[in-house]
Amino acid sequence: IDSIMQTGTAFVVSNYLGGGSTFPAYKGIVIRLSGGGPNYVLVMQSGGTGFYAGGGDSHFPAGNYYKNSVQTQNYEPFADYKLTTAFSNSVPAAVSLIIGNDPYDGAACYWNGDIAEIILYDTILDSANRYKVEQYLYDKYAPAVNLGSDRASICPVLLDAGARFTSYLWSTGATTQTITVNTTDTCWVSVTDIFGRNSTDT
């Protein structure tokens, strides 16, 4: 990111595909490239399982990290997509940023995974506004289940909840993405999305 900016609040949708049970280096999602602010914006702790929050060298202090709206610095399970939210207690000095690497710790620090979206604010958002951004990202990447318009049809009818969910439970007891209905009845499905949220449709 060429422009110099302050970073008061950050949101990132990402996963890590490098394997292992801990991060082998300071893996960087967002890092300071130049400027007088702290080096580490969104960086993983080498040898740990979550974000680095090392005192004055981190934009965001311990306790100000949330994974899927739950307060934690932990990034496990690594391969699962998750929404990370982080914010400062006071806005750090303006810096220019680099995405997907930690240039201070060598080539081993490239991010081995997907970064779907990053949103940075130059202010510290309050909890109500952080909630709005989180809901926007949840709905963008994991919209609620929708079986379509209610209908009365001649059996059999194939109902498909969509492939984007991690678990399914139908009113019939089935746990598959699709079911075939052979009786006239009201059917519902409850699903869990990639962020751990539940939604239901009939």
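## Ground rules

Helices (H or I, at least four residues) and strands (E, at least two) are DSSP runs, numbered from the N terminus. By that reading, Asn-146 lies in the loop between H1 and strand E9 (157–160).

This is a predicted model, in which local features need pLDDT of at least 70, side-chain atom pairs count only at pLDDT 80 or more, and totals for chains, interfaces and linings use all residues. Residues are numbered from 1 along each chain as its sequence is written, and side-chain values use heavy atoms, with hydrogens and water left out.

## The chain as a whole

The chain has one helix and 13 strands. Along the sequence the pattern runs β-β-β-β-β-β-β-β-α-β-β-β-β-β. The C-alpha atoms fill a box of roughly 70 × 35 × 30 Å, taken along the principal axes.

Of the 202 residues, 42% are buried. Buried means under 20% relative accessible area, exposed over 50%, and partly exposed in between (1.4 Å probe, protein chains only). The accessible surface of the chain comes to about 9,600 Å². Carbon and sulfur atoms hold 51% of that surface. These areas come from the Shrake-Rupley method with a 1.4 Å probe; for residues, only the protein chains shown count as cover.

Contact means heavy atoms within 4.5 Å. Among the contacts in the chain with a separation of 6 or more, 61% are between residues 24 or more positions apart.

## Helix H1

H1 covers residues 127–141, 15 in number. From first C-alpha to last, H1 reaches 21 Å, close to the 21 Å expected at 1.5 Å a residue. The expected span is 1.5 Å times one less than the number of residues.

Which residues of H1 are buried? They are Arg-130, Val-133, Glu-134, Leu-137 and Tyr-138. These residues lie on the same side of H1, because they cover an arc of only 140 degrees around the axis. The arc is that of the directions from the helix axis to the C-beta atoms. An α-helix has 3.6 residues a turn, so residues three or four places apart point the same way. The cover over the buried residues of H1 includes strand E1 (9–14), strand E6 (82–87) and strand E8 (115–121).

## Two nonpolar cores

A nonpolar core is a set of buried Ala, Val, Leu, Ile, Met, Phe, Trp, Tyr and Cys residues joined through side-chain atoms within 4.5 Å. The largest one has 20 residues. Within this core, Ile-29, Leu-42 and Tyr-75 touch the most other members. E1, strand E2 (28–35), strand E3 (40–43) and strand E7 (95–99) each supply at least two of its residues.

Leaving aside neighbours within four places in sequence, Ile-29 has contacts that include Val-12, Leu-42, Phe-51, Ile-98, Trp-111 and Ile-118. Another core lies apart from this one. That second core has 13 residues, among them Leu-147, Val-157, Cys-187 and Val-191.

## A buried threonine in E1

Thr-9 sits in E1. Its relative accessibility is 0%, so Thr-9 counts as buried. The side chain of Thr-9 reaches the backbone nitrogen of Leu-125 at 2.9 Å. Such a polar contact is a pair of N or O atoms within 3.5 Å; within protein, one must be able to donate a hydrogen and the other to accept it, and residues adjacent in sequence count only if both atoms are side-chain atoms.

Beyond four places in sequence, the contacts of Thr-9 include Phe-60, Ala-86, Tyr-121 and Arg-130.

## Exposed loop residues

Is Asn-146 buried or exposed? Asn-146 is exposed, because its relative accessibility is 54%. Not counting residues up to four places away in sequence, Asn-146 touches Arg-164 and Asp-201. The side chain of Asn-146 also reaches the backbone nitrogen of Gly-148 at 2.8 Å.

Thr-175 is in the loop between strand E10 (167–170) and strand E11 (178–181). With a relative accessible area of 56%, Thr-175 is exposed. Thr-175 touches Tyr-168 and Leu-169, again not counting residues up to four places away in sequence. Thr-175 and Val-191 are 16 residues apart in sequence and 9.3 Å apart in space, C-alpha to C-alpha.

## Backbone details

A cis peptide bond joins Glu-76 and Pro-77, with omega about -10 degrees. Pro-77 lies in the loop between strand E5 (70–71) and E6.

Asn-68 is in the loop between strand E4 (65–67) and E5. Phi of Asn-68 is near 50 degrees, a positive value in a residue other than glycine. Ser-69 is also placed in the loop between E4 and E5. Phi of Ser-69 is near 75 degrees, again positive in a residue other than glycine. At 36% relative accessibility, Ser-69 counts as partly exposed.
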